[in-house]
Amino acid sequence: MTPARFQTIEEIFRSALDQEPDQIGAFLDNACEGDELLRRKVEALLNSREQAANFIETSAVGLATKIIENRQADSLIGQTIGHYKISKRIGAGGMGEVYLATDMKAGRNAALKLLPERFTGDAERLKRFQQEAHAVVGLNHPNILTISEIGEDHSTRCIARELSEGETLRQRLTRGPMQVSEAVDIAIQVASALAAAHQAGIVHRDIK
């Protein structure tokens with residue numbers, strides 16, 4: 001199995017974990033695009049994770065995923081894309097990997113989202129990546145990250161965003177239940193950001 005194929009399986013697997021159980025089938029239909037072998041590999045990971053979760057707190061699949069993440073992240077650590085020097089991987093999504101980077105012109109940290117090179121030849125993915133960037137550029141809202149730059153360095157496409165420090169909602173939930181007031185406050189902030197996006201004609205299809 002090639003590294004690119006391995007990465008595709010891992011990305012779809014991670015994204016599938018964010019879906020509701022009754023939505024996973026439809027998600028895989030779309031993500032695998034008729035590639036039955038790819039789908040079987042992802043489903044095998046999902047099934048292994050579910051089974052392992054019944055026996056141990058940290059599953060073998062989880063450990064394998066962490067190894068994959070570290071190996072992929074290490075390949076870019078210390079590299080410079082445009083005027084951004086990459087420090088570490090901080091996230092991933094269906095449209096690319098997100099890295100902590102230093103803007104060497106401005107002298108500040110940024111979140112750099114990279115479209116994997118294997119997708120640059122995919123006209124549809126490239127179009128979606130560009131649409132995402134240009135759609136958000138015009139938004140100005142305290143609950144929406146500001147895009148500072150849309151760039152390209154050789155075959156690498158990237159979006160530079162402001163870096164938001166702090167705890168994610170998922171991390172917060174691992175610490176235990178929230179008080180009603182805290183949950184309402186978060187919901188209001190999310191709804192406010194969505195309302196601003198909708199007013200600009202943008203529909204967010206991946207709310208977590």
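Where is Glu33 found? I looked there first and landed in the loop between helix 2 (24-32) and helix 3 (36-53). Before going on, a reminder to myself: this is a predicted model.

**Entry 1: the odd phi**

I checked the backbone at Glu33 and got a phi near 50 degrees, a positive value in a residue other than glycine. That caught my eye because most residues other than glycine have a negative phi. I also looked up its cover: Glu33 is exposed, with a relative accessible area of 62%.

**Entry 2: the whole chain**

I stepped back to get my bearings. The protein chain has seven helices and six strands. Going along the sequence, I read the pattern as α-α-α-α-β-β-β-β-α-β-β-α-α. Of the 208 residues, 34% are buried. For contacts between residues at least 6 apart in sequence, I noted that 47% join residues at least 24 apart. The chain exposes about 13,200 Å², and carbon and sulfur atoms supply 52% of that.

**Entry 3: strands 3 and 4**

I went to strand 3 (residues 96-103) next. Six of its eight residues are buried, so strand 3 is largely enclosed by the rest of the structure. I traced its pairing with strand 4 and found the antiparallel sense, over seven bridges. One pair I jotted down is Ala101, whose bridge partner in strand 4 is Ala110. The two strands form a hairpin with four residues between them. In that turn I found Gly107 with a positive phi of about 70 degrees.

**Entry 4: strand 6 and its neighbours**

I moved on to strand 6 (residues 156-162), which is mostly covered, with six of its seven residues buried. On one pairing, six bridges join strand 6 to strand 4 (residues 108-115), and the two run antiparallel. Here Ala111 stands opposite Arg161. Strand 6 also pairs with strand 5 (residues 147-153), again antiparallel and over six bridges. In that pairing I found Glu152 opposite Arg157.

Is Arg161 in strand 6 buried or exposed? I had to look twice at an arginine here, but Arg161 is buried, with a relative accessible area of 16%. The cut-off for buried is under 20%, so Arg161 at 16% makes the list. Leaving out residues up to four places away in sequence, I listed what Arg161 touches: Ala110, Ala111, Glu132, Val136, Leu145, Thr146, Ile147 and Ser148.

**Entry 5: the core**

I pulled up the largest nonpolar core, which has 13 residues. The ones with the most contacts inside it are Val136, Leu139, Ile144, Ile147 and Ile159. Helix 5 (123-137) and helix 7 are the elements that give two or more residues to this core. Helix 5 gives the most, with four residues. Note in the margin: in soluble globular proteins, nonpolar side chains tend to be buried together.

I picked Ile159 and listed its contacts, setting aside neighbours within four places in sequence. They are Ala111, Leu112, Lys113, Phe129, Glu132, Ala133, Ile147 and Glu149.

**Entry 6: salt bridges**

How many salt bridges does the structure hold? I got seven. I wrote up some of them.

- The side chains of Arg39 and Asp29 meet at 2.2 Å, N to O. Arg39 lies in helix 3 and Asp29 in helix 2, so the pair ties together parts that are ten residues apart in sequence. Arg39 counts as buried at 16% relative accessibility, whereas Asp29 counts as partly exposed at 48%.
- Arg89 and Glu97 form a salt bridge at 2.5 Å, N to O. I checked both ends: Arg89 is buried, and so is Glu97.
- Arg175 pairs with Glu167, with the closest N and O atoms 2.8 Å apart. Arg175 counts as exposed at 55% relative accessibility, and Glu167 is partly exposed at 44%.

I also followed the shared partners and found Asp29, Arg39 and Glu43 joined into one network of salt bridges.

**Entry 7: a nonpolar patch outside**

Last, I looked over the surface. Val180, Val184 and Ile188 form a nonpolar patch there, with about 290 Å² of accessible area together. I placed Val184 in helix 7 (residues 180-199). Val184 is partly exposed, with a relative accessible area of 43%.

Note on methods. Residues are numbered from 1 along each chain as its sequence is written. This is a predicted model: local features need pLDDT of at least 70, side-chain atom pairs count only at pLDDT 80 or more; totals for chains, interfaces and linings use all residues. Side-chain values use heavy atoms; hydrogens and water are left out. Patches are made of residues with over 30% relative accessible area and no salt bridge: like charges are joined within 9 Å, nonpolar side chains (Val, Leu, Ile, Met, Phe, Trp, Tyr) within 5 Å. Accessible areas come from the Shrake-Rupley method with a 1.4 Å probe; for residues, only the protein chains shown count as cover. A salt bridge is a side-chain nitrogen of Lys or Arg within 4 Å of a carboxyl oxygen of Asp or Glu. Buried means under 20% relative accessible area, exposed over 50%, partly exposed in between (1.4 Å probe, protein chains only). Two strands pair if DSSP finds at least two bridges between them. Contact means heavy atoms within 4.5 Å. A nonpolar core is a set of buried Ala, Val, Leu, Ile, Met, Phe, Trp, Tyr and Cys residues joined through side-chain atoms within 4.5 Å.
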